[in-house]
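This report introduces a protein structure to a reader who has not met it before. It concerns the spaces inside the structure and the packing of two helices.

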Amino acid sequence: MVGFHRGLCLSARSSQPRRATGGPRLLSPVLLGGGGFGEATCGILYLAGFLRRHGVEAFVRLYDGDETDDEVARTMAGLVAFVRPRLVGISLKWYHHLPRALLLARTLRKLDPGLRIVVGGNTAAYFWRDLVAEPCVDDVVLGDGEQPLLSLCRGEAHPPNCATRAPDGTPTRAPFGYVQGASNNEVFYSHFDEIFLSEADRHSFSGWVAPGKGCAASCLYCGGGRGTLWASFGRARPFLRPVASVRRDHGEIAPDVWQLRYDFAQGTAAFLSRAWAGLDLTRHSATYFLWGAPPRALLKLLSRTFRRVYLVLDVGCFSERQRALLTRRGLLKPCPSDAQLLAAVDACRRHANLELELSGITGLPFTSDRALEEEALGVERLLGLGCAVSHQRLEAQPGALVTEHAERFGMTAEARTYAEFLAWFARHGSAPGGPVPMVRFADRALELKVDA
Ligand code: B12
């Protein structure tokens, strides 16, 4: 159990829920946590700051280190007794958190049947119909959660983006009335001195900042591409947040973290230099995830701004031929050619404080003996140049094209629907770092070759 009683935050704990003037009773305090083991998404930190700025006393349990169901039950009982929340928000962003998120919700329901239980995040939004059918879930928030969660706390009649059960049990959903965009200046980190429940929570924050949201690409393996985000977040295109909000994030967190981490490919050097202007980050490290050919100006800026930089470049897959074929068919984001990759490696090596990792997926559709050979050679060459290389097999992410239509690619998805994901995890377990459902080649011989 995480010692939330150690070093806990004793700021402004109200003993009675507040009331919105003349309106229904405000659901406060609010407890926010992740649906899985380890560090939860930074999304709940943005949510907590937003709620606090609007009068809701929000707390965050950022780190979940419970290893058994009994530990989960004990921690939840302790948290409920300490925080006395009126609403608990569980982030179900990643699909392999489904079993734990449901366990948390069921445990909370048992502990306090009157507690409002809300789930949000990518997986929750994708499976909203199934989740609102679960008696332990009251509401599912689809997409950006700030305003919808506040509306739920305020007891408003029609909270945007929210799904719930109608009195007859039918799943029902409000339209997307709240989709953040480039002009939304209401979302930024704040209240880091008040929201964490323990030092363990506070120190597990690994410095994530989201300079923007969304994705314009449609990679066939991704559950967060353009189509899925449109359907489950109401977001048509990616956007960069106002530079002032991103600066505020840095101002709030930089004194407390040794590294800053970014995973948003559309952040340009011009934008980031404005977000970082005036801040001394030369004692911080940075981890920067991106795809495409890394612009030199960005490499230069990263190297100049931070003490050390770890760049993770997603290259799709290590066979140039297969990469190009998938991109031509609109199944993969634009990825660099081998020549561009080598030039990028070379450009990175010019910065002594910049380390490069290249990551890709093995076993994407349209592979062949030749592509597999090319992959092996490509990996060898990059290792030889001193790069770190990581590759993984194709995961079955909910809503991804290859999960939904595996047979079109001569493949089989080990899980596709909500029930199939739950059944898969029930069979294989859902231990942290454990296996997840994959998409495999129907041709057994090919599957074995790819796995080798
Ligand atoms: C950044 C990122 C990461 C970072 C997360 C950093 C962090 N700790 O926050 C890192 C690199 C760690 C990561 C890892 C993984 N990721 Co990732 N990640 C992303 C990415 C690029 C951006 C997400 C993001 O930061 N959004 C901004 C934050 C602020 O928003 P947010 O967390 O979504 O929260 C908002 C809403 O979702 C909602 N919300 C969220 N939770 C809740 C809860 C409640 C109660 C409410 C009301 C609302 C709500 O409100 C929030 C505020 O607006 C997306 C791609 C995309 N296009 O979105 C993939 C994505 C989310 N990741 C994905 C995957 C698959 C993974 C991995 C499994 C990859 C892997 N194979 O290892 C791992 C899992 C990590 C784990 N903990 O187990 C998939 C998820 C598909 C799915 N349905 O599961 C996505 C969609 C795309 C992808 N293929 O990468 N990821």
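The following paragraphs treat the cavities, then a helix pair, and then a pocket.

**Cavities**

The structure is a predicted model. A search of the whole structure finds three cavities of 30 Å³ or more. The table describes two of them.

| Cavity | Volume | Nonpolar lining residues | Polar lining residues | Charged lining residues |
|---|---|---|---|---|
| Largest cavity | about 90 Å³ | eight residues | three residues | one residue |
| Second largest cavity | about 50 Å³ | three residues | seven residues | two residues |

The lining of the largest cavity consists of L31, L32, G33, G34, R61, M76, L79, V88, G89, I90, L104 and L108. Two or more of these residues come from each of strand 1 (30-34), helix 2, strand 5 (87-91) and helix 3. Strand 1 is the largest contributor to this lining, with four residues.

Around the second largest cavity lie G34, G35, G36, F37, G38, E39, A40, T41, S91, K93, W94 and H97. G34 thus appears in the lining of the largest cavity and in that of the second largest cavity.

**Helix 2 and helix 3**

How do these two helices pack, and at what angle? The angle between helix 2 and helix 3 is about 50 degrees, and their axes are 10 Å apart. Helix 2 is therefore oblique to helix 3, since this class takes in angles that are neither under 35 degrees, nor over 145, nor from 65 to 115. The crossing of helix 2 past helix 3 is right-handed.

On the side of helix 2, the contact is formed by D69, V72, A73, M76, A77 and V80. Helix 3 brings R100, L103, L104, T107, L108 and L111 to this contact. Sorted by class, the contact has nine nonpolar residues, one polar residue and two charged residues. M76, L104 and L108 take part in the contact and also line the largest cavity.

**The second largest pocket**

The second largest pocket holds about 370 Å³ of space. Its lining has 19 residues, of which H96, R100, S430, A431 and P432 are the closest to the centre of the pocket. R100 is also one of the residues in the contact of helix 2 with helix 3.

Both helix 2 (69-83) and helix 3 (98-111) supply at least two residues of the pocket lining. Helix 3 gives the most, with three residues. The lining of the second largest pocket comprises nine nonpolar, seven polar and three charged residues.

Key:
Residues are numbered from 1 along each chain as its sequence is written. This is a predicted model: local features need pLDDT of at least 70, side-chain atom pairs count only at pLDDT 80 or more; totals for chains, interfaces and linings use all residues. Side-chain values use heavy atoms; hydrogens and water are left out. On a 1 Å grid over the protein atoms alone, a cavity is a set of points where a 1.4 Å probe fits but cannot get out, and a pocket is an open set with protein on both sides within 12 Å along at least five of seven lines; lining residues have an atom within 4 Å of a point. Grid points are joined across faces, edges and corners, and a volume is the space filled by probe spheres set on the points. Ala, Val, Leu, Ile, Met, Phe, Trp, Tyr, Cys and Pro count as nonpolar, Asp, Glu, Lys and Arg as charged, and the others, Gly among them, as polar. Axes are lines fitted to C-alpha atoms, for helices over the stretch in contact, and angles run from 0 to 180 degrees between N-to-C directions. A crossing is left-handed if the near helix is turned anticlockwise from the far one by less than a right angle, and right-handed if clockwise. Contact means heavy atoms within 4.5 Å.
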